[in-house]
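Trainee: Could you take a close look at one helix for me, and then walk me outward from there through the rest of the model? I'd like a connected account, with the confidence values included.

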Amino acid sequence: MTNPQHTHGPSPQTAQWRLPSGARTLGWGCAAVGVVLLALAAWLGNAAGDGWRGFLRSYLVAWCFWASISLGGLFFTAVQHTTRAGWSVSVRRLAELCGAVMPVLAVLFLPLLVPVLMGGDGLYPWVAPEAVAASDLLQHKSPWLNTTWFGARAVVYLAVWVWLGRLFLVGSVRQDADGDVGRTIAFERFSPLALILLALTTTFASFDWIMSLEPTWYSTIFGVYFFSGAAVAILSAMILFAVGLRAAGVLRDAITVEHDHDLGKLLFAFTVFWGYIAFSQYLLIWYGNIPEETEYYLHRAHGIWGGWSLALIIGHLVLPMVGLLSRHVKRRPLLLAFWAVWLLVMHWADLAWLIWPSAGANAVWAVPVEAACMFGVGSLWLAGWLHWASHCALAPLADPRLPESLRFENSY
Amino acid sequence: MSVVSAAYEHEHLSDDPRHRAPLTTPGLTASQVDDIVARTPELPRAPAAWYAAFTVSAAVAAMFFALIGYLIVTGIGVWGNNHPVYWAFDITNFVFWIGIGHAGTLISAILFLFRQKWRTSINRFAEAMTIFAVICALIFPGIHMGRIWLAYWMAPYPNQMAMWPQFRSPLMWDVFAVSTYFTVSLLFWYLGLIPDLAVLRDRATGWWRKRLYGLFALGWRGSARQWHVYERAYLFLAALGTPLVLSVHSVVSTDFSVAQLPGWHTTIFPPYFVAGAIFSGFGMVVTLMVPARQFFGLKDLITVRHLDNMNKVILGTSCMVGYAYGLEFFTAWYSGNAYEQFVFINRATGPYAWAYWTMVLCNVVLPQLFWFRWARTTPWLMWLVAIGVNIGMWFERFVIIVTSLSRDYLPSSWQMFVPTWVDLGMLVGSFGLFFTCFLLFCRYLPMVAMAEVKQILPGAHGSEKH
Amino acid sequence: MVESNAKSETGRQPVPVGVLGQFDHPDALKRAAAALRDAGFRNWDVHSPYPIHGVERAMGMRPSRLPWLVLLAGLTGIGLALALQIWTNAIDYPINISGKPLFSIPAFVPITFELMVLLAAFAAFGGALVLNLLPQFGHPVFCSRRFVDSGRTGFFISIEAVDPKFDADQLPALLSSLGATHTEVLFDLPGRESYPGWLKIGLLSVCIVAAVPPLLVAAYRAAPKSEPRIHIIQDMDFQEKYKAQTVSPLFADGRSARPDVEGVVALGMAEEDEHLYRGFLDGKPAEAFPMPVTMPMMQTGRELFNVYCSPCHGRVGEGGVTGIISARAVKRQEGTWTMPLSLHADSVVDQPVGQLFETITAGRRTMPSYSAQISAADRWAIVAYIRALQRSRHATIDDVPEEIRSNLK
């Protein structure tokens, strides 16, 4: 980075680094809207005639979408600490806050977990005893795919994530007050362990919650695939927060166009990374052409899903890759925000593509259910975000590397 | 001229987040950087130890070429390859050397994009290593074809047979990926060398030295207009090199993973191979760096902090490789596929279990030492671990290739692979070639990118903005 | 302080080729660069041992065109790779590989990517050299001993004599006033900067000499030769063995190919039954089958007929263009093609079975012999099936078994 001797940068107006007082009210409003929307979604889902299944299918997509942002936030924070990153300090709190929403997501996971534990939700085929009895393969997998062990694992994953989310946010907020440099060092030492925990839990969570929708199918890269989507999601979300908050008059001197540029570069990189992982999985299965593997893509190659797959290739890879290539785009907040929104939509499309064809592709499209679920879970997620965000500054005020972050310039 | 760096070691290892630890010995000036780096190329006579090492390496390399000649004249029956183990040491060595070659581009391209400025002290070194490793790698698929004089058949050119190469084959992808990688690495390396060759040219006293360095420096004079274009080109090569380095080992992994052989066909292979390649490449960089910084007096530029950072990368990639090993086992069970399950149980308990456990020990267990700072900063210890990583990564490829092939779907065709003396001689010989190239590089070219190190010295860019 | 540095070697007078000023700090360099930029100089440059951030701005440099070059090359790589792979593997030489479609985009991605990177990298590297006018044989700054000695650590500004505002008397003072710690006028012999004549001649002769071997090879390849080509690699083209019709000194008659020993019959070749193996009985084509005609035999006959006979004679033996080989030959308008006979022609229907058998065994006109592919018993089976086919054209309702007659009505 730049010269280490200069520790005093421009003195920022840290009073602007907090949410305005109305935010808390907004948060409660979001929460109320979220509950209403979810109730509506459940009612609509049941009314559509598919029972809980119609609701849960959409709910799982929505939950995974918002959880992937929070999970991405945990990854982002842990990576920044591990690598002693300086540039990202003034945007790191945004990621920490995304990670801190985990308790809300843990509660919101109950509608997915309880039906499984009660023995039959229609979503996961391996839950139904008659399906297991009819399949040798499911009997073979039953030591892993059974309701008790599934529930226990879910509790472990969520507990780890809630714990890490709290840990990163609380430690960082405490540093705002006491300016203890030791916290930075402690984070740096702990974060590699956090990354290992996150890697393992994310992998197996994606196996459990998404891959086991088609319990006979398997792919070793699936965890990495889910991670790459989560990375795209958190970077898009951070760009939107960074641009949106500045538009609202918050963090104006904390986040500069240089941060936009760097986040844009990372977004570009992870968009390409997603493409790389998705292509790797597809190429190997397509080329190997083994029926037990190709069934997955067979479900996604015909009818509406064929077009959907094509749209993902173009919309999730080709267009954003071309769009984000130029330095000028990444340094224009509005253009960058456009691509962030675009990629979030594509991330949703990706998750829907993973989940819907497995969970009954032939079902009539329940667009209103899906919309109500997405915005319902999203409102509650945002309510959680606003709740924690209104209790602290939106950038780490006393991080020892804050001056470096405020001062750095992209030379390329 | 040499500033003793031991006194600054605590400073390099400083954890204090309020200051960035100095990247080189504090107080170093630009001309001292030149003096340190140019010392070895400017020695009138190389040290006796260099001659000794060079003689041994060159002799081993000569043996390598003699064995290649023997192989070409006699045929690939001189190897232990059999039915069904059609690939054994040849492809193992190829993948091993290609993997070694990944650290250079990672350091010069990916760390450049991530603004990891500590890379400036080690990128030249690692890039050179990359090029020599890729040369060693390219030899093996070349000679394993048998009739090597027909290698040009792989090139798409109109011919009297009216035939074209089969572009849907991963082996053709390999030809393109590896040759592109070699070419781009060479260009990247040479572009970085131009300013430093100009320095050696300007410092040179002998007639020949001045002309030779001058020839390759292309008349570089370090003007701002030149630097401007140069920096753009460097950035583009880095930006191209980053996805390239990922693609190359991914393509190498498809040599195996698009097949249906149990143990080969699994979707994690492309990223897993890339992680393994970076792991082994850094292992080799540390293996070479620890003695080289000592022997050639580069401790002021390549500090303990550099070694510390590299060992962290080794630890991280070791964990990724371990993740892939574990996941492969889990999925083999989870898939419910009897063949997959057998292959993995066979790896761990079958006739090649010794190779498998060597791999696990060297790749997953041993690098865990790097969780401790004393292990990351003790040269002799990290050297041993890094050599372990080299051994482990060679065995990883051996395990993947040989265990899967020797126990395929058809038990009646099962056969063990036993290397012949030619197999072993070629493995050793490729190291001879590698070290010969490397020793020549150390003797005649700047081992550290002087122009880049000068940029990161404190105050290099002034303090004013215009 | 002004120094003169060039030596007069040949009596030609050194002329001023530029002015050089040295600065001791990057900041001073940037300030001076900004001043020269504002003063409107054109052929001037800043020299530093490493790229200094901010100096491009101080000099007022325009962004490089390199990015466009690289982009163009990358797109060319993509286009080239796709065109190459699709043309060669899907159009010009279509071949089925493990059931993959000819137009296999996923399989074409890796090489497309690699060629994109390769061409873009060439553009980045080559562009850097071309835009920097490298390799460059000389430059006025190298006339300064001081520049050569300390160019790798010092900071310099040079103004070349070709600049319209160049003035060897005034500029050193200007540079000093801008903070230069040392200035000098650079002198050189006129014309020294361009490539020297000996270099041009040397390069040209190297090119000419290098072109000789490939030209010789090309000439040799193009010229007709009666001798076999030069075999550097033998490729098992010449083997130590006797070929047919060659001389061997080993035997008295000098022939390498040995005649059969009289009276010897190869294993399994004692085909003495004229009826079974030749289709002849007492020197005439046999009227009857040598074995009883059964249903399994008839089925074998149909199967083999469809394999061996139908490509030319068609599935029902109509001949003409009903067989695919025949249809193809007609479509390609092959002039030498003889139409296969219809097996329902009277001339064929009237033949005794022995003659049909003989035709299959020995061939007739352009039809080759099938005795090597089809065993004698199977040939008889085919004959039986041909008889059935022929019969089908002249069948009456009485030929159909009683119980299924009603199905036909």
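Mentor: Happy to. Let's begin with helix α11 of chain B, which covers residues 304–335. This is a predicted model, so please read each value below as computed from predicted coordinates. The helix has 32 residues, and the distance from its first C-alpha to its last is 46 Å, close to the 46 Å expected at 1.5 Å a residue. How many of its residues are buried? The count is 23 of the 32, so α11(B) is largely enclosed by the rest of the structure. Directly after α11(B) comes B:G336, with a positive phi near 75°.

Staying in chain B, there is a backbone feature you may want to check in your own viewer. The peptide bond that joins B:H83 and B:P84 is cis, with omega at about 15°. B:P84 sits in the loop between α3 (48–74) and α4 (89–100) of chain B. As background, most peptide bonds are trans.

Now to where chain B meets chain C. Here 52 residues of chain B are in contact with 62 residues of chain C. Which helices supply at least two residues each to the side of chain B that touches chain C? They are α2 (30–42), α7 (170–203), α9 (224–257) and α17 (450–455). The largest share comes from α9(B), with 16 residues. By type, the residues on this side of chain B divide into 27 nonpolar, 15 polar and 10 charged. For the model as a whole, the scores are ipTM 0.94 and pTM 0.86.

Crossing over to chain C, you'll find 14 helices and 6 strands. Its overall dimensions deserve a moment. A compact globule of 409 residues would have a radius of gyration near 22 Å, whereas chain C has 45 Å. Along the principal axes, the C-alpha atoms of chain C fill a box of roughly 125 × 75 × 35 Å. The domain division adds to this picture: chain C is split into domain 1 (15–192) and domain 2 (274–395). The centres of those two domains, taken over C-alpha atoms, are separated by 80 Å. Buried residues make up 28% of the 409 residues in chain C. Among its contacts with a separation of 6 or more, 72% link residues 24 or more positions apart.

Chain C has a cis peptide bond too, running from C:L134 to C:P135, with omega near -5°. C:P135 is located in the loop between α4 (105–131) and α5 (145–150) of chain C. Another residue to inspect is C:Q333, which is not glycine and yet has a positive phi, near 55°. It lies in the loop between α10 (324–331) and α11 (346–349) of chain C. Is C:Q333 buried or exposed? It has 7 C-beta neighbours inside 10 Å, so it counts as exposed.

How far can you trust chain C? Its pLDDT averages 87, and 96% of the residues score at least 70. Over residues 1–9, however, the pLDDT is below 50, although this stretch has 21 contacts in the model beyond near neighbours in sequence.

Finally, chain A. A:R84 is a non-glycine residue with a positive phi, near 55°. Most residues other than glycine have a negative phi. A:R84 is placed in the loop between α2 (52–82) and α3 of chain A. With 17 other C-beta atoms within 10 Å, A:R84 is partly exposed.

In helix α3 (residues 89–100) of chain A you'll find A:A95. A:A95 is buried, because 28 other C-beta atoms lie within 10 Å. Leaving aside residues up to four places away in sequence, A:A95 touches A:G73, A:F76, A:T77, A:I234 and A:M238. A:A95 and A:G165 are 70 residues apart in sequence, and their C-alpha atoms are 9.7 Å apart in space.

As for confidence, chain A has a mean pLDDT of 91, with 94% of its residues at 70 or more. Confidence in chain A is highest in helix α4 (residues 102–108), at 97, and lowest in helix α1 (residues 22–50), at a mean of 88. For residues 1–10 of chain A, pLDDT stays under 50, and the model has 18 contacts beyond four places in sequence for them.

Definitions and conventions. Residues are numbered from 1 along each chain as its sequence is written. Chains are lettered from A and ligands numbered from 1 in the order in which they are written. This is a predicted model: local features need pLDDT of at least 70, side-chain atom pairs count only at pLDDT 80 or more; totals for chains, interfaces and linings use all residues. Two residues are in contact if their C-beta atoms, placed from the backbone, lie within 7 Å. Helices (H or I, at least four residues) and strands (E, at least two) are DSSP runs, numbered from the N terminus. Ala, Val, Leu, Ile, Met, Phe, Trp, Tyr, Cys and Pro count as nonpolar, Asp, Glu, Lys and Arg as charged, and the others, Gly among them, as polar. The expected span of a helix is 1.5 Å times one less than its number of residues. A residue is buried if 20 or more other C-beta atoms lie within 10 Å of its own, exposed if 12 or fewer, and partly exposed in between; C-beta atoms are placed from the backbone. The radius of gyration is taken over C-alpha atoms; the globule rule is 2.2 Å times the number of residues to the power 0.38. pLDDT is the predictor's confidence in each residue, from 0 to 100. Domain bounds come from an automatic or database domain assignment.
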